[in-house]
Amino acid sequence: MAVSLTGPTADHVRRQARRAARAGADVLELRVDLLEEVRRALGETPRPKASSLRAVADCVVEALTLVEAAAPGAPVLLTCRTAAEGGRAVLDDTGYAGVMRLLLDELAAWEPRRRPAAVDIEVQRGCLPEVAARARDLGVDAAGSFHDFEGTPPDDDLENVLNRMVQQGADLAKIAVWPASAEDVARLLGVTAWAAANLSVPVVAMSMGTLGAISRVAAVFGSALTFAVVPDEEGRLGASAPGQLPIDEVRRCVSLLGGR
C-alpha cells in the first residue's frame with residue numbers, strides 16, 4: 001500500500017512520512033511537483049533554465065533526506081507529475097525529460113541504499129526508454145505511468161499503453177483513468193486482470209473518483225499496489241488523486257475482498 005507525500009514543504013513532507021510509516025504504508029510516494037520551492041523554481045516555464053533545475057534538485061534532495069530520516073528503510077517512489085496528467089509541474093516533454101535526467105544525475109552521488117526504490121516516468125512524455133535505462137544503471141526501478149482525467153479509453157488503447165511501457169523498459173506499469181459510468185470501472189478492472197495475467201511486470205491500475213473506489217481495494221483483479229491517504233494532525237485527508245481512501249479503510253476492504 002502506497003501513501004503519497006503531498007506536503008508543500010520538506011518539513012511538511014517529513015511529518016507526513018512519519019505518520020504514513022506509523023500507519024503501515026509499504027511505499028511512500030514523494031510528489032516533487034507539489035513542493036512549493038519546486039513550483040517556484042519551475043514557474044510556468046515549460047523548459048526550465050539550468051539555474052531553475054539546480055533549485056529543483058536542491059529541494060528534492062532536502063525532501064528525500066528528511067523522508068529517509070523520518071521513515072528509515074521505507075521504499076520511496078519519486079514522482080514529478082506534469083500538469084498534462086493532473087500534477088502541478090507545467091513542463092513540456094523536453095522540460096520534463098530534463099527534470100528527470102537531473103534528478104537521476106543527482107541520485108548517482110548517493111549511496112545505493114539511500115536512493116529511492118523507484119522513479120515514476122510518464123510514458124506520454126516520450127522519454128521512458130532513456131530515463132528507465134538511466135534509473136536501471138543506478139539500481140532504481142522505473143515505474144511507467146499514464147493518467148487520463150477526462151475519461152476511460154477503450155480497452156485496446158489501455159492494453160496498448162501498458163504494453164508500450166513494458167517495451168520501453170518499465171519495471172512496473174501504472175494506469176489511472178476517470179470513469180463516466182460503472183461500465184467504465186468494470187472495463188478498467190477487466191484490463192487490470194488481463195495485464196496481471198499477460199504482462200511481464202507488475203501492473204497498478206485504478207479508476208479515479210468516488211465511482212472508481214472499488215478499483216482501489218479490489219486487489220483480486222491483479223493490481224499490485226494501491227494508493228491510500230493518512231490523515232494529518234488535524235484529521236484532514238490530503239489525497240494526491242480523486243477517490244483515494246484512508247489507509248485503515250483500504251486495508252480492511254482489501255482484506256475482506258481477498259487481497260493481500
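This tour goes through a predicted model, one selection at a time.

**Strand 6 and its neighbours**

Start by selecting residues 172-177, which form strand 6. Five of these six residues are buried, so the strand is mostly covered. Now add residues 141-148, strand 5: the two strands run parallel and are joined by six bridges. To find one point of this pairing, pick Ala-143, whose bridge partner in strand 6 is Leu-172. To follow the chain between the two strands, show residues 155-167; this is helix 6, and the β-α-β crossover that leads from strand 5 through helix 6 to strand 6 is right-handed.

Next select residues 203-207, strand 7, which pairs with strand 6 over five bridges, again in the parallel sense. Here Ala-173 stands opposite Val-203 of strand 7. The connection from strand 6 to strand 7 passes through helix 7, residues 182-198, and this β-α-β crossover is right-handed.

**Helix 5**

Move to residues 128-137, helix 5, and show the side chains of Leu-128, Val-131, Ala-132 and Ala-135, which are buried. Because these residues cover an arc of only 100 degrees around the axis, they sit on the same side of helix 5. An α-helix has 3.6 residues a turn, so residues three or four places apart point the same way. To see what covers the buried residues of helix 5, display helix 4 (93-107), strand 4 (118-122), strand 5 and helix 6, which are among the covering elements. Then step past the end of helix 5 to Gly-139, which has a positive phi, near 75 degrees.

**The largest pocket**

Select Leu-77, Ala-118, Ala-143, Leu-172 and Leu-225: of the 18 residues that line the largest pocket, these lie nearest its centre. The space in this pocket is about 290 Å³. Strand 3 (76-79), strand 4, strand 5 and strand 6 each supply at least two residues of the lining. Which strand gives the largest share of the lining? Strand 5 does, with three residues. Ala-143 and Leu-172, listed here by the pocket centre, are also the bridge partners picked earlier.

**Asp-92**

Finish at Asp-92, in the loop between strand 3 and helix 4. Is this residue buried, partly exposed or exposed? Asp-92 counts as partly exposed because its relative accessibility is 23%, and buried would mean under 20%. With neighbours within four places in sequence left aside, Asp-92 is in contact with Pro-46 and Arg-47. For a last distance, go back to Val-177: its C-alpha atom and that of Asp-92 are separated by 21 Å, and the two residues are 85 apart along the chain.

Technical notes:
Residues numbered from 1 in each chain as written. Predicted model: local features only at pLDDT ≥ 70, side-chain atom pairs only at ≥ 80, totals over all residues. Heavy atoms only, no water. Buried < 20%, exposed > 50% of the residue type's maximum accessible area, 1.4 Å probe, protein only. Helix = DSSP H or I, 4+ residues; strand = E, 2+ residues; numbered from the N terminus. Pairing = 2+ DSSP bridges. Right-handed = clockwise from strand over helix to strand, strands pointing away. Arc of directions from axis to C-beta. Contact = heavy atoms within 4.5 Å. 1 Å grid on protein atoms, 1.4 Å probe; cavity = no way out; pocket = protein on both sides within 12 Å on 5 of 7 lines; lining within 4 Å. Points joined across faces, edges and corners; volume = space filled by probe spheres on them.
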